[in-house]
Amino acid sequence: MTEAAPPIERALVVVAHPDDVDFGASGTIAGWVAEEREAELGVQDLTFLGYPDGRVTPSIELRRDISREIRRVRPQRVLAPSPEIYWDRLGVSHPDHRAVGEAALAAVYPDARNPFAHPELLADEGLDAWTVAELWLMGAPPERAQHVVDITATFDRKVAALRAHVSQTGRWTELEQRIRGFGAATAARFRLPEGHIAEVFQVVTIG
């Protein structure tokens, strides 16, 4: 299915590593936010939870910490990594990605919306339960990732965001060409016009 994302008031992005969102979804996010907002992609708030790189697990503590951010931000949409393994592109399914995806899924449903989950969030911090309407998963296996977003108009912002991660992309001599190739292949898979670039997600509507 091909369609522009409907306007939303607030979205929350949960990732394991700072560059994950830019590889997987920055073109889409750039299309969600107004042009005049601050930062490269229009991000207004950034929180680091402090879990160690390479050692993330979908613990009850991580579920609580993501639930805290959901209740604080009160987003209609949460974007996170898929908790599943993408066997054809195993690098997408880094264990940290899957752990964060599993914890984010549990935070979206049922933790953040359940007033009895993590009672300290309400008792100690005054954070009421909040129900997220949509969960967008990046890096999902292709049989599940069926929601394509045309990012042709925001592709330059995606590349600029990726170039800011010097430790990760500074040695890529053909960064733009590689990212364009991935995006063009996704666009072609969904029969977008030639020359277009796309990102794709599994979108789950929360009842």
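Let's start at His118, which sits in the loop between α4 and α5 of this predicted model. Its phi is positive, at about 50°, even though His118 is not a glycine. That's worth a second look, because most residues other than glycine have a negative phi. Is His118 buried or exposed? Its relative accessible area is 9%, so it counts as buried, the cut-off being under 20%.

One of the residues touching His118 is Ser67, so let's hop over there. Ser67 belongs to helix α3, which runs over residues 60–73. With a relative accessible area of 0%, Ser67 is buried. Which residues does Ser67 contact, once you leave aside its neighbours within four places in sequence? Besides His118, they are Ala107, Asp111, Ala112 and Leu121.

Now look at the rest of α3. Ser67 has plenty of company: Leu62, Asp65, Ile66, Glu69, Ile70, Arg71 and Val73 of this helix are buried too. When you look along any such helix, keep in mind that an α-helix has 3.6 residues a turn, so residues three or four places apart point the same way. The cover over the buried residues of α3 includes β1 (11–13), β2, α4 and α5 (119–123). You can also check the helix with a ruler: at 1.5 Å a residue, its 14 residues should span 20 Å, and because the end C-alpha atoms are 20 Å apart, the two agree. Just past the end of α3, Arg74 takes a positive phi of about 60°.

Two of those α3 residues, Ile66 and Ile70, lead us to the largest nonpolar core. This core has 21 residues, and the ones touching the most other members are Val14, Ile66, Ile70, Val78 and Val108. At least two residues each come from α3, β2 (77–81), α4 (95–111) and β3 (134–138). The biggest giver is α4, with 6 residues. Val14 shows how these parts meet: leaving aside neighbours within four places in sequence, Val14 is in contact with Ile66, Val78, Leu79, Ala80, Pro81, Val100 and Ala104. Apart from this core lies another one, of 17 residues, including Val21, Val33, Ile179 and Phe201.

Stay with α4 for a moment, since it holds Pro110. The peptide bond from Tyr109 to Pro110 is cis, with omega near 15°. Most peptide bonds are trans.

Next, find the second largest pocket, with about 1,100 Å³ of space. Its lining takes in 40 residues, and Phe23, Gly24, Arg89, Val92 and Gly139 lie nearest the centre. The elements giving two or more residues to this lining are α1 (20–24), α6 (155–163), α8 (175–189) and β5 (198–205). Which element gives the most? That's α8, with 7 residues.

In the loop between α8 and β5 you'll find Arg191. Like His118, Arg191 is not a glycine and has a positive phi, here about 60°. Is Arg191 buried or exposed? Its relative accessible area is 77%, so Arg191 is exposed, whereas His118 is buried.

Finally, zoom out. The protein chain has 8 helices and 5 strands, in the order β-α-α-α-β-α-α-β-β-α-α-α-β. Of its 207 residues, 43% are buried. Among contacts with a separation of 6 or more, 76% join residues 24 or more positions apart. The accessible surface comes to about 11,100 Å², and carbon and sulfur atoms hold 53% of it.

Definitions and conventions:
Residues numbered from 1 in each chain as written. Predicted model: local features only at pLDDT ≥ 70, side-chain atom pairs only at ≥ 80, totals over all residues. Heavy atoms only, no water. Helix = DSSP H or I, 4+ residues; strand = E, 2+ residues; numbered from the N terminus. Buried < 20%, exposed > 50% of the residue type's maximum accessible area, 1.4 Å probe, protein only. Contact = heavy atoms within 4.5 Å. Core = buried A, V, L, I, M, F, W, Y, C linked by side-chain atoms within 4.5 Å. Expected span 1.5 Å × (residues − 1). Areas by Shrake-Rupley, 256 points an atom, 1.4 Å probe, with all protein chains shown as cover. 1 Å grid on protein atoms, 1.4 Å probe; cavity = no way out; pocket = protein on both sides within 12 Å on 5 of 7 lines; lining within 4 Å. Points joined across faces, edges and corners; volume = space filled by probe spheres on them.
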